[in-house]
Amino acid sequence: MEIREAVIGDEEGIARVHVDSWRTTYKGIVSDGYLDQLSVEQRTENWRRGIGNNSLYVAVEDGEIVGFATGGKERTGNYSADCELFAIYLLQKVQGKGIGKQLMQVVAMDLKKQGSTKMLVWVLDLNPAKKFYEAVGGQRVGETMIEIGGESFKEIAFVWDLEKFVNK
């Protein structure tokens, strides 16, 4: 398993993980119609533009991108955090092996080097991976409602002190 910074050429692998993990993680939560319309091609274009703009790392196993995490400046200004974990996704076949924590720590270290001190992440309340964020020490600090595919969902905000998190 290799964890490294994403480079041009990784966008299709990142997009595939993004779409596949949404379809497995959110099946039974988000409508099948919404999940079916997710497009690797569209996400590839989005990720092509994203490489180099934020902290973006990939997990690679046997030459295949099996996970990624990305973060940057916190977007709302409503919480005590100055940076945010925007996304972290793993293929189902590699979940539960510690790769998510490793990806999250690499992004956190990168953001800490840039001067950040506290990191926020938003997680769907119904997402079974919510337990992961609690297990790695996230402190629940808020919630909001969002819309996905015309349906409303509660999101929970968790925050970490980067100094403590990167040294675990």
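**Legends to close-up views of a predicted model**

**View 1. Overall fold of the protein.** Among contacts in the protein between residues at least 6 apart in sequence, 65% join residues at least 24 apart. The model shown here and in the views that follow is predicted. It contains six helices and seven strands, and these elements succeed one another along the sequence in the pattern β-α-α-α-β-β-β-α-β-α-β-β-α. The radius of gyration is 15 Å, close to the 15 Å that the globule rule gives for 168 residues, so the protein is as compact as a globular protein of that length. Measured out along its principal axes, the C-alpha trace spans about 40 × 35 × 30 Å. Of the 168 residues of the protein, 48% count as buried.

**View 2. Surface and charges of the protein.** The accessible surface comes to about 8600 Å², and carbon and sulfur atoms account for 45% of this area. The protein carries 21 positive and 25 negative charges, and the mean positions of these two sets are 5 Å apart. Side chains of opposite charge can pair when their charged atoms come close. With a distance limit of 4 Å between a side-chain nitrogen of Lys or Arg and a carboxyl oxygen of Asp or Glu, the count of salt bridges in the protein comes to 13. Several of these pairs are the subject of the next three views.

**View 3. The salt bridge between R48 and E11.** The side chains of R48 and E11 form a salt bridge in which the closest N and O atoms are 3.6 Å apart. This pair links distant parts of the chain, since R48 belongs to helix 3 (residues 40–50) and E11 to helix 1 (residues 11–25), with their positions 37 residues apart in the numbering. The two partners fall into separate accessibility classes: R48 counts as partly exposed because its relative accessibility is 38%, whereas E11, at 7% relative accessibility, counts as buried.

**View 4. The salt bridge between D32 and K27.** D32 and K27 form a salt bridge, and the closest N and O atoms of the two side chains lie 3.5 Å apart. D32 has a relative accessible area of 42% and is therefore partly exposed, while K27, with a relative accessible area of 55%, is exposed.

**View 5. The salt bridge between K154 and D125, and the network around it.** The side chains of K154 and D125 meet in a salt bridge with an N to O distance of 4.0 Å. The pair links distant parts of the chain, 29 residues apart, with K154 in strand 7 (residues 151–161) and D125 in the loop between strand 5 (118–124) and helix 5 (130–135). K154 has a relative accessible area of 31%, so this residue is partly exposed. The pair also belongs to a wider arrangement, in which salt bridges that share partners join D125, K130, R140, E143 and K154 into one network.

**View 6. The surroundings of L120.** L120 lies in strand 5 and is buried, because its relative accessible area is 0%. Leaving aside its neighbours within four places in sequence, L120 is in contact with E74, Y79, A81, C83, E84, L85, V141, A157, F158 and V159. A15 serves as a reference point elsewhere in the chain: the C-alpha atoms of L120 and A15 are separated by 23 Å, and the two residues are 105 residues apart along the chain.

**View 7. K113 in helix 4.** K113 has its place in helix 4 (residues 99–113), and with a relative accessible area of 75% this lysine is exposed. K113 and P128 are 15 residues apart in sequence, and their C-alpha atoms are 31 Å apart in space.

**View 8. The loop residue D62.** D62 is placed in the loop between strand 2 (55–61) and strand 3 (64–73). The phi angle of D62 is near 50 degrees, which is a positive value in a residue other than glycine. D62 is exposed, with a relative accessible area of 79%.

**View 9. V7 and Y57.** V7 is found in the loop between strand 1 (2–5) and helix 1, where this residue is partly exposed, with a relative accessible area of 43%. V7 and Y57 are 50 residues apart in sequence, and the separation of their C-alpha atoms in space is 8.8 Å.

Key: Residues numbered from 1 in each chain as written. Predicted model: local features only at pLDDT ≥ 70, side-chain atom pairs only at ≥ 80, totals over all residues. Heavy atoms only, no water. Helix = DSSP H or I, 4+ residues; strand = E, 2+ residues; numbered from the N terminus. Buried < 20%, exposed > 50% of the residue type's maximum accessible area, 1.4 Å probe, protein only. Rg over C-alpha atoms; globule rule 2.2 N^0.38 Å. Contact = heavy atoms within 4.5 Å. Areas by Shrake-Rupley, 256 points an atom, 1.4 Å probe, with all protein chains shown as cover. Lys, Arg positive; Asp, Glu negative; His and termini not counted. Charge placed at Lys NZ, Arg CZ, Asp CG, Glu CD.
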